[in-house]
Every structure is written in structure tokens, then in C-alpha cells.
Amino acid sequence: MNRVHLVNARHAVLCLLFLGSAAVAAPPPAEYPDAPPAAVPGPVVAPTPAAATPQDVPAPVMRPVPFAPPLSPAPPPPRPLPPYPDVKAQKNLPLLQAFLPSLRTLGADEGVVRFALVTNDVRGRRPDVITVASTTARFEIRPVSDGFANNLGLYTAVLPAGRYHLSAIADRVAFRWIDFNAAAQGGLGSFDVRPGQFADLGTLMLTPNIGAWLIGRSLDITTPPEAWREAAPVGEKVLAKLPAGGSWSGEAFQQRWFEVNLERGPVGLQSLRELPDGRMLAPSALGKLLVRAVDGTWSTLTAPRPWPLLWATAGAGPGEYVALTEWNRCVVFAADGTSREVSLSGLPTGRALFVSRSPQGEWYLAQEVRGALRLYRATTLDAERWDEVGAVQLTESLWSGNRGAWALDTPEGILLVQGSKGLLRHFRYATRAWEDHHLTGNRDIQSVDLMPDGTVSVLTIAAGGFAGMFSGAWVTRDYGANWQELNTGYTVKVSPLVVSGDGHLLQAGGVFGESGIKVSTDSGKTWQQLTEALPVETRLFQSRQNGLFAIRRIAEVHDVLLRSPDGGANWVYEWSSIGRAGIERLLKAEADKRAAKAAKRAAAKKKQN
Amino acid sequence: MNLRSLRYWLPLLAALCSAGCATPFYDAKTAGPQIETALGLAPGSVAFHAACQFGQAGRVNRATEFFPAACAADAERLYVVEWDEAKKAYRAGMDVPFAALESASYYKGLFDEVQLPIDGGVLSLLTGKAQPLHAYLVARGVKDVPSAGEVLARAPPAPTTIYVYIPR
């Protein structure tokens with residue numbers, strides 16, 4: 001399932017709650033926490049005995065890994081640390097806007113700065129604003145890559161000559177704001193802007209770590225010149241006339257350590273899907289395509305660039321995969337493990353979010369462009385022209401914000417879902433025709449799930465007027481022609497129902513009560529608690545041949561993929577972005593916390609009785 | 001003009017208030033000479049100036065925060081100047097010759113905008129004098145193209161922060 005990013009009032013509130021809790025829960029330590037938190041036993045996840053995963057590497061992400069043998073047996077003397085900037089004083093500086101080089105004649109005391117930022121985070125996008133601070137002012141720099149990229153931000157600006165630190169970044173659509181503390185600013189180093197010169201600061205990388213975010217200067221990754229030329233054609237002409245000068249001052253520490261570990265832990269799993277032959281694909285950040293073979297082993301394929309992969313499907317040739325990436329490009333992974341980029345130059349500027357190949361050999365691609373999710377068709381990926389086949393609108397509501405749109409692969413074609421008025425548009429490959437249906441009562445849809453047998457399960461928008469305070473769970477087995485509303489196990493519903501392989505209904509939930517999964521074996525008449533080991537925001541994925549999967553996020557930023565061998569009662573580890581050891585430690589700590597809470601509740605109940 | 005969600009109306013209303021109230025630095029009688037001083041222009045060369053809110057939106061996501069400023073134009077160039085509260089003076093911001101402007105669009109809505117295509121998206125000047133400004137630009141050879149739609153005002157970010165570490 002591929003969903004256009006949404007923000008509504010509830011999303012904003014949840015984000016604020018999350019950010020608030022993160023700020024409270026993670027006070028800044030003086031130094032990076034090298035030692036892991038104490039492991040606490042707790043039966044949450046039964047480990048799989050010999051499941052080979054891409055994270056089965058010697059070191060978990062938290063530990064520094066030497067990247068080269070020491071040249072001398074004697075340890076080198078410790079390098080002097082760069083001075084930390086006065087972060088408090090920065091806050092009191094005037095906040096000014098940094099203008100693009102294309103919008104300004106360079107003053108005598110001004111220079112130009114340019115850098116890229118790759119974010120190892122599928123939930124977010126590239127930051128909208130990056131704030132840099134000198135000793136006299138702060139400047140906000142905005143990206144020029146909007147419309148091309150999600151997790152790759154390209155930033156360029158004219159700044160007064162001087163020395164700057166990176167002060168903060170913000171994703172203002174997702175309501176995320178990250179301040180760089182003194183340790184981060186000092187460790188990253190400062191950069192100089194020189195009069196009449198152009199400083200290329202290279203590529204920065206931002207990645208989640210347990211309870212915090214890490215930022216580093218990449219030694220390995222460069223942003224291609226053509227990306228800059230496409231994003232800022234006028235600005236690049238200005239820069240071409242300027243001499244290079246000014247860069248980072250001071251050496252960032254352990255960059256190689258940072259990068260090696262970053263490579264091991266791409267965040268992903270947003271678009272997990274199963275191919276007809278049982279293989280599973282999970283496009284991920286940093287150009288990694290995670291592939292689960294039919295025998296259950298995971299492997300990782302690497303794209304030519306570390307840009308996030310958004311959606312993947314089977315390619316035209318045997319053993320080939322195609323994954324959408326940034327910048328109107330896709331990556332073709334060949335059966336021999338090599339990969340190449342293909343430019344989707346025949347498409348308009350927009351965000352490509354979904355691709356599929358019909359049995360007739362035609363490519364279908366859905367792109368967010370001009371306020372709509374539009375489906376295009378071409379015979380080859382590098383076609384000079386893509387024909388628009390149909391579209392659904394991305395709309396807004398006076399009452400509760402934006403409405404999303406989804407593109408889904410069905411056994412017979414492609415389903416476009418429009419959140420507003422619950423419109424389902426099913427395109428059949430065989431007839432090349434659309435069938436349009438609305439959800440009963442034209443209810444607005446907030447999320448959609450597609451089962452392997454073609455059953456579509458949706459959750460309606462909450463707060464839909466009188467008697468519609470809570471979301472409703474509906475299913476259709478004919479792409480919207482007939483709908484059935486089902487009673488569910490939770491009053492407050494956060495995800496659509498999932499129909500398991502044996503026909504049972506499953507739902508994750510528990511906003512105000514015990515979180516977990518409930519099951520109904522009688523079409524929703526009665527519900528039983530199946531497990532309490534999963535949090536409310538868990539997403540369930542029912543595959544055709546590989547059973548039931550759960551995708552959940554832990555410590556706010558890490559993805560964990562679990563698989564249930566018994567329809568949801570027990571779960572085993574499959575994959576996570578920080579490796580098995582790290583994630584099991586976190587899961588055990590979480591289980592312990594849950595057990596302590598349950599014990600406290602039981603004690604209180606006993607006392608009450 | 002379409003009805004927009006509360007999320008967009010409220011910042012837009014705030015922008016309306018700020019257009020009149022949040023640019024106290026702008027005084028139509030004195031702004032001309034002040035802008036000329038800030039930009040190093042000859043006295044009397046600024047032919048047009050107005051209080052404005054400017055915002056830089058992306059190609060796809062046509063929503064952004066707006067900032068109080070003043071826009072001005074002389075015979076050859078369009079300027080946007082910010083107010084530097086510390087120095088109590090205008091600060092040069094945008095400075096583009098008309099010949100370098102690809103096009104200019106006028107959007108008529110609750111708040112009129114002049115929209116200019118720029119690297120990365122669109123620059124919107126939200127001002128009560130949008131129509132005269134647009135006409136001024138077109139009269140000086142800037143191509144007039146229809147607006148692709150409103151650039152929406154976005155609320156400022158949540159004040160909550162989380163912290164970033166780097167390995168040491």
C-alpha cells in the first residue's frame with residue numbers, strides 16, 4: 001500500500017505528543033551513549049533460530065567499528081575537540097531569511113553555500129527549513145529539491161561572509177523540529193562562507209538512533225551535479241561563475257564509523273509487499289531494497305545512489321526488481337545483483353509513488369502531481385511519453401484537514417482510492433476500463449488495506465459528524481460495489497481490519513485500553529484478545545504465501561518486522577533497522593515496562609477490592 | 001476561491017492581520033528613502049514600494065510560511081527587503097532584474113498575490129498592492145502567465161524540540 005503523505009489535525013496532535021515525549025524522555029547526555037541500556041528479561045518475541053537477516057553482522061549499530069587496522073600499536077593522542085558554540089546565545093539572535101543565489105546580486109561581503117541532506121527516515125521527508133547560525137544572526141535556508149525528492153534535500157543560499165553552525169532543521173508539514181545541541185554542532189564542525197566565493201559543503205546525513213538522532217558529514221556520498229542543475233538551474237549558472245572557497249572547518253569525528261553503521265541500518269518497510277511467487281520486497285532508505293526469498297532468508301540489494309526507495313515491484317526480466325526512487329527516477333536491480341538507474345523523464349515533475357507491470361507487459365506508474373494522484377501508462381520505463389490513464393484527487397476538508405489517496409495492486413489491475421467521499425476507482429488490465437464506486441454514504445476514508453484475495457478493507461475518518469464520532473471499519477470484496485460495515489474489537493480504531501489467511505478478522509488497536517491484536521472468528525460478532533505484545537500503532541500485513549506480518553516502530557524511529565507463524569498469537573523476529581540484538585534489547589525493556597504496569601494495575605485493583 | 005480547511009484558514013487570517021499589523025516597520029512615507037539606503041540606490045530611484053508578506057513554496061507543495069517584508073521596484077529590478085530589527089533598518093533580500101524574471105502571475109483571492117517562478121518552486125508576494133505590482137512588472141516586459149493556484153500560508157512549526165547527537 002502506498003499512501004500520499006497526509007497531515008491533519010489529529011496527526012499534528014499525535015506528532016506534538018510524540019515530540020513532547022521525545023523531549024522529555026531523552027534528555028541530552030554530555031556524550032554519545034556508547035553503553036547500551038541494561039537488558040531486562042521479558043518474553044516478548046521468540047527468536048527465530050537461524051533466520052539469516054541483513055542485520056546478522058558482527059556489530060550492532062550502536063558500537064563503533066574500526067574501519068581500518070591501526071597503523072601504529074600506540075594509540076594516537078586524543079585530538080583537541082572543536083569548541084562548542086553557545087547554543088543559548090544562538091536562540092536570541094535575529095532570525096533572517098537566506099535567499100537563493102538566483103534571487104540576489106551577491107554583495108561585497110556575501111558568499112554562497114550549498115549542501116545536500118539525506119535523511120534515513122521513511123516517515124519524514126527532507127526538512128523544509130534548515131537554520132544556520134553565525135555569531136550575529138540566524139538564517140533560514142529552504143530546499144530547492146521540492147517536487148523531485150522526498151528524503152533528499154538540496155539547499156543553497158546566499159549568506160553574509162562568516163563562520164556558521166548548523167542550528168536546527170524542521171519538517172513543517174510533518175510538524176517535526178530538531179534542534180542541534182552544542183555537542184552536535186561542535187562535533188559536526190562549523191563552515192566558513194567567504195566573500196564572493198562558493199562553498200560546497202557536500203552531503204550531510206541524518207539518521208535515527210536509539211532515543212536520539214545522529215547527524216554526520218558523509219565521506220562517501222556525493223550529490224550528482226545533474227541533480228543540482230535540475231533543481232536549481234538558474235542558481236547553478238550563478239555558482240558556475242564563482243570561485244570555490246569556504247568549507248567545513250575542523251574535522252568531524254568518526255565519520256567512517258557513522259557511515260558504516262548507517263549503511264547497516266536503513267530505515268524502511270513502509271511498502272512491504274509480496275510478489276506472486278512468494279518473494280517479498282521492502283524498499284528502504286539509503287538505496288536499499290530488502291528482499292525476502294521464498295525460503296525466508298533476507299538479502300539486501302543496493303542502488304547506485306543512497307536515495308530512498310519508495311515502492312518496488314518485479315521487473316521485466318527474470319529475477320529483476322524495479323524500485324522507485326527520488327528525482328523522477330527508478331532503479332532496476334538485475335538478477336546478478338547489479339543495479340542501474342532509469343530516468344522517468346517522460347513524466348511530469350512530481351513524486352512517483354507506485355509502479356506496477358501488467359501481464360500485457362505495460363508499465364503503470366502513479367505520481368502525486370498537481371493536487372492529484374495520477375496514473376500513467378507506458379511500454380517502457382524510459383519512455384519519452386507516459387499517457388495519463390486516470391486520477392483521484394487529493395482534497396481538503398474544512399473540518400479535519402487533508403484527504404489522502406492510495407494506489408494498490410489488485411490481482412486484476414490497479415485500485416486508486418480517494419480519501420474524500422470514499423471513492424474507489426478500479427482499473428482492470430484486461431478491459432482497460434475504470435469501475436468507480438463510493439463507500440456507502442460517501443464516507444471519507446483515512447486508511448486502506450488490500451488483502452491477497454482482493455478484499456479491500458478501509459477505515460473511515462473519525463469525527464464524521466453526529467453519530468460518527470468514531471471511525472468505522474468497512475470491507476468490500478468487489479472493489480467497492482458492495483460494502484459491509486463490521487463491528488470491531490476496539491471502539492477507537494486506528495487501522496483497517498485485516499482478513500487473515502484462514503478467514504478470521506484481525507485488528508490492532510487499544511488506544512485507551514490494553515493495546516494488542518484482537519481476533520474475531522465469526523465475522524465481527526465477538527472478539528477475543530489475541531496478543532498484548534504489540535502496540536496500538538502496529539500495522540498488520542497479510543501475505544498470500546508467507547503468513548501474517550506486523551510492522552511496528554520502536555523507540556519512535558526504528559522499524560521492526562515480525563512474523564506470526566500462528567495467525568497472530570506469537571511473533572518471531574524477521575528484520576529491523578538496528579539489527580536483532582539491538583531490537584531484542586528494546587523489546588525486552590518494553591515488555592518489562594508493560595509487565596510492571598500490569599502488576600501495578602493488578603495491585604491497585606486488589607487494594608480496591 | 002475554494003474553501004480551505006481550518007489549518008489553512010487560521011494562518012491565512014493571521015497573515016491578513018500581519019499584513020496590516022506585523023509590518024509596523026513599513027511607513028509608506030519613509031519606506032522609499034529607507035529602502036534606497038539599504039539597497040545603495042540613488043535617491044528617488046525606487047518607483048514602487050509596498051508592505052508585503054513573502055513566502056517561498058515548493059513545486060508540488062504550494063504551502064509555506066510568510067514573512068513580513070517590503071517589496072520595491074525601480075526601473076530595472078524587483079526587490080524584497082526584510083526588516084532587521086537589531087539595526088532598525090531594511091536588509092537587502094531579493095534583488096532580481098526584470099529581464100531575469102521568467103514570468104509573473106497575479107492570483108486574486110482573499111489575499112492577492114504576485115507569484116514568481118524561482119529555483120525550487122514559487123515565490124509569493126502577498127500584498128495589498130499585488131495588482132499594481134503585477135501590472136508594473138508586466139509593463140516592464142515580464143511575461144504574464146496565469147497563476148497555478150494559491151500559495152497557502154502555513155502555520156509556524158511546533159515549538160517542541162528534540163535533540164540531535166553525533167558520535168564522539
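**Figure 1. A:Trp363 pairs with A:Arg357 across two strands of chain A.** In this predicted model, A:Arg357 has A:Trp363 as its bridge partner in strand S22(A). The two strands involved, S21 (residues 351-357) and S22 of chain A, run antiparallel and are joined by six bridges. Between them sits a hairpin connection of five residues, where A:Gly361 takes a positive phi near 90 degrees. On the other pairing of S22(A), look for A:Ala378 of S23(A), which stands opposite A:Trp363. Strand S23 of chain A covers residues 372-378, and its antiparallel pairing with S22(A) counts seven bridges. Here the hairpin has two residues between the strands, and A:Arg370 takes a positive phi near 50 degrees.

**Figure 2. Strand S22 (residues 363-369) of chain A, seen with its surroundings.** How many of the residues of S22(A) are buried? Seven of the seven are, so the strand is largely enclosed by the rest of the structure. Both faces are covered. One side carries A:Trp363, A:Leu365, A:Gln367 and A:Val369, and the other carries A:Tyr364, A:Ala366 and A:Glu368.

**Figure 3. A:Leu347, a loop residue with contacts to S22(A).** You'll find A:Leu347 in the loop that runs between strand S20 (339-343) and S21 of chain A. Is A:Leu347 buried or partly exposed? Buried would take 20 or more C-beta neighbours within 10 Å, and A:Leu347 has 19, so it counts as partly exposed. Leaving aside residues up to four places away in sequence, A:Leu347 touches A:Asn328, A:Ala352, A:Leu365, A:Gln367, A:Tyr376 and A:Trp386. Also worth a look is A:Asp387: 40 residues separate it from A:Leu347 in sequence, but their C-alpha atoms are 8.8 Å apart in space.

**Figure 4. A four-stranded open sheet in chain A.** The strands line up in the order S39-S40-S41-S42 (chain A), with antiparallel pairing. Strands S39 (539-542) and S42 (572-576) of chain A are at the edges with a single partner strand each, so one side of each has no neighbour in the sheet. On average, neighbouring strands here are turned by 25 degrees against each other, direction ignored. Zoom in on strand S41 (residues 558-564) of chain A and you'll see its antiparallel pairing with S42(A), made over four bridges. Within that pairing, A:Leu561 has A:Trp575 of S42(A) as its bridge partner.

**Figure 5. Helix H7 (residues 579-608) of chain A packs on that sheet.** Which strands does H7(A) touch? They are strand S40 (548-554), S41 and S42 of chain A, and the helix direction makes about 125 degrees with that of S42(A). H7(A) has 30 residues and spans 43 Å between its first and last C-alpha, close to the 44 Å expected at 1.5 Å a residue. The buried residues of the helix are A:Gly579, A:Arg580, A:Gly582, A:Ile583, A:Arg585, A:Leu586 and A:Leu587. Their cover includes S40, S41 and S42 of chain A.

**Figure 6. Helix H2 (residues 31-39) of chain B and what covers it.** Over in chain B, there are three helices and 10 strands, and 49% of the 168 residues count as buried. Seven of the nine residues of H2(B) are buried, so the helix is largely enclosed by the rest of the structure. Those residues are B:Ala31, B:Gly32, B:Gln34, B:Ile35, B:Glu36, B:Ala38 and B:Leu39. Among the elements covering them are strands S1 (48-58), S3 (67-73), S4 (77-84) and S5 (89-97) of chain B. Just past the end of H2(B), B:Gly40 takes a positive phi of about 70 degrees.

**Figure 7. Inside the largest nonpolar core.** This core has 98 residues, and those with the most contacts inside it are A:Ala157, B:Ile35, B:Ala70, B:Cys71 and B:Val81. Centre the view on B:Cys71 and you'll see it touching B:His49, B:Ala50, B:Cys52, B:Tyr79, B:Val80, B:Leu125, B:Thr127 and B:Leu133, not counting residues up to four places away in sequence. A second core, separate from this one, has 89 residues, including A:Leu324, A:Leu439, A:Val456 and A:Ala533.

Notes
Residues numbered from 1 in each chain as written. Chains lettered and ligands numbered in written order. Predicted model: local features only at pLDDT ≥ 70, side-chain atom pairs only at ≥ 80, totals over all residues. Buried ≥ 20, exposed ≤ 12 C-beta atoms within 10 Å, placed from the backbone. Pairing = 2+ DSSP bridges. Axes fitted to C-alpha atoms, helices over the stretch in contact; angles between N-to-C directions. Contact = placed C-beta atoms within 7 Å. Expected span 1.5 Å × (residues − 1). Core = buried A, V, L, I, M, F, W, Y, C linked by C-beta atoms within 7 Å.
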